[in-house]
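Colleague: I'm new to this one, so could you take me through a single part of it up close? I'd like to start with the sheet and then see what sits around it.

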Amino acid sequence: MTNNEIVAKLWNMCNVLRDDGITYHQYVTELTYILFLKMAKETGSEKNIPDRYRWDELKKKEGMELKRFYEELLRELGDNCTGRIQEIYSGAKSNIEEPANLKKIITNIDSLDWYSAKEEGLGNLYEGLLEKNASEKKSGAGQYFTPRVLIDVMTRLIAPQPGERCNDPACGTFGFMIAADSYIKKNTYDLCALVEETQKFQKYEAFTGGELVHETHRLALMNAMLHDIEGKIYLCDTLSNQGKVMKDFDVILTNPPFGTKKGGERATRDDFTYQTSNKQLNFLQHIYRSLKRNGKARAAVVLPDNVLFADGDGERIRRDLMEKCNLHTILRLPTGIFYAQGVKTNVLFFTRGKTDQGNTKEVWIYDLRSEMPSFGKTNRLKISHFDEFVECYKGADLSAREQTYSEENPNGRWRRFTYDEILSRDKTSLDITWIRSGAEGEDFTLTELLEQIKEKSANIANAVAELEKLLGEVNE
């Protein structure tokens with residue numbers, strides 16, 4: 001049985017809990033409580049779990065005794081254990097009311113092909129379950145799940161190295177950091193060949209994150225543990241003063257949540273230069289401020305279109321970003337790749353400078369949105385869709401980029417804009433597109449597009465008014 005088949009079987013068990021009113025997200029959380037015990041047994045890592053609360057004891061119980069024992073187990077592991085076990089079970093509470101349903105889940109999990117699951121990797125199995133949860137619209141989990149292919153492309157281009165401190169300040173289920181760890185292991189070194197001190201650093205310090213939502217934080221902890229990562233994952237609001245602890249990083253990979261602060265309240269970080277209620281702009285400030293000032297620290301960040309054209313503090317933050325960092329690349333993403341439909345997003349790639357001024361000389365933009373289909377369940381985004389962009393990106397090597405750019409190809413997807421050109425744009429807008437179907441390529445901003453729409457709307461309104469006037473004359 002493959003991991004995909006096991007994921008499908010685990011997911012189908014959710015049907016058992018429908019009568020208990022369990023949501024998809026609650027189901028994955030409940031599975032996390034139970035799977036942790038089973039996986040600890042399968043991997044021989046039960047030593048930190050009290051004998052009384054291990055898997056073999058849980059599966060012996062029946063009926064109301066099982067329900068009482070399970071609730072006691074959650075409470076004890078959350079209150080009296082230490083380390084990652086306590087973090088995972090902290091505040092844990094079961095939503096399963098019917099003991100027979102709980103028993104069925106435990107029995108089904110116990111009967112799975114765990115030999116095959118271990119061969120493919122328990123971490124991969126768990127990530128498959130998280131992805132399944134995110135793909136279900138009813139689960140509401142899509143808000144924190146970034147498509148795997150996008151994570152992999154961003155990670156590959158940022159290329160984290162052993163010994164670097166990597167962070168995701170809005171880590172969700174920790175997908176970016178797991179991808180960074182996997183990239184290093186596959187492309188850079190043999191873990192066993194490193195000196196003991198570096199091995200310890202990679203496991204305990206290299207990958208960290210912050211997550212605001214308690215239940216999502218729990219999933220992140222479980223996911224990290226199953227990938228043998230034990231770096232600190234803070235349960236905190238990065239946009240509050242709690243977020244100050246996350247700083248001095250070599251690499252940041254992230255997809256911050258979209259939206260504004262509840263009730264329009266201002267950011268509570270007292271170290272932000274620009275105070276705004278826009279979450280993405282605040283996350284952007286946090287990110288470029290938390291990179292090391294060594295000329296090498298770098299970030300890849302998924303952000304919605306409004307970050308590129310927002311006026312006021314938005315413009316000031318963009319200018320500050322381009323002064324403090326080399327904002328060398330923007331990737332305009334196609335629509336439909338996130339489970340929240342209609343969201344238009346970009347990836348900003350930048351490197352923190354050694355000084356606070358004059359770091360951006362030019363910005364290269366790749367348009368993967370214009371003249372592209374909308375992606376979704378029936379039309380999946382594939383790694384091959386990024387092949388041309390990856391070829392164009394070629395790190396930050398300007399000479400290599402020049403080879404991919406042609407003045408004779410104005411409608412191509414890859415274009416360069418100098419810093420002065422960007423400064424001359426209305427509100428220093430980075431919302432730049434030039435590809436038009438059946439027309440010559442031409443730059444235009446969102447503001448200009450809105451003006452065109454208003455003009456067309458006005459023409460239509462005038463035509464309707466004229467028609468009504470004619471009809472009135474005919475009736476007379």
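Modeller: One cut-off before we start: a residue is called buried when its relative accessible area is under 20%. Keep that in mind for later, and remember that this is a predicted model.

Now, the sheet. It's an open one with nine strands, in the order β3-β2-β1-β4-β5-β7-β6-β8-β9, and the pairing is mixed. Look at the two ends of that order: β3 (233-235) and β9 (414-418) are the edge strands, and each has a single partner, so one side of each has no neighbour in the sheet. Going from one strand to its neighbour, the turn averages 20°, ignoring direction.

Let's zoom in on the β3 edge. Strand β2, residues 207-211, runs parallel to β3, and three bridges join the pair. If you want a spot to click on, find Gly210, which stands opposite Tyr234 in β3.

Next, see what lies across the strands. Helix α10 (residues 175-187) lies across β1 (166-168), β2 and β4 (251-254), and runs at about 170° to β2. Further along the sheet, helix α15 (residues 313-324) lies across β6 (325-332), β7 (345-352) and β8 (362-367), this time at about 120° to β6.

From β8, follow the chain into the loop that leads to α16 (387-393), and you'll find Leu381 there. Here the cut-off comes in: Leu381 has a relative accessibility of 14%, so this loop residue counts as buried. What does Leu381 touch, once neighbours within four places in sequence are set aside? Its contacts are Val149, Pro334, Ile337, Phe375 and Phe386. Take Ile337 from that set: Leu381 is 44 residues away from Ile337 in sequence, yet their C-alpha atoms are 6.7 Å apart.

That sort of link fits the wider picture. Among contacts between residues at least 6 apart in sequence, 73% join residues at least 24 apart. As for burial, 52% of the chain's 476 residues count as buried. Altogether the chain has 19 helices and nine strands.

Since you'll be looking at helices too, here's one pair to try. The axes of α2 (residues 24-42) and α6 (residues 99-110) come within 11 Å and cross at roughly 50°, so the two helices are oblique to each other. The crossing is right-handed. Where they meet, α2 brings Tyr27, Leu31, Ile34, Leu35 and Lys38, while α6 brings Leu102, Ile105, Ile106, Ile109 and Asp110.

Technical notes: Residues numbered from 1 in each chain as written. Predicted model: local features only at pLDDT ≥ 70, side-chain atom pairs only at ≥ 80, totals over all residues. Heavy atoms only, no water. Pairing = 2+ DSSP bridges. Helix = DSSP H or I, 4+ residues; strand = E, 2+ residues; numbered from the N terminus. Axes fitted to C-alpha atoms, helices over the stretch in contact; angles between N-to-C directions. Contact = heavy atoms within 4.5 Å. Buried < 20%, exposed > 50% of the residue type's maximum accessible area, 1.4 Å probe, protein only. Parallel < 35°, antiparallel > 145°, perpendicular 65-115°, else oblique. Left-handed = near helix turned anticlockwise from the far one by under 90°.
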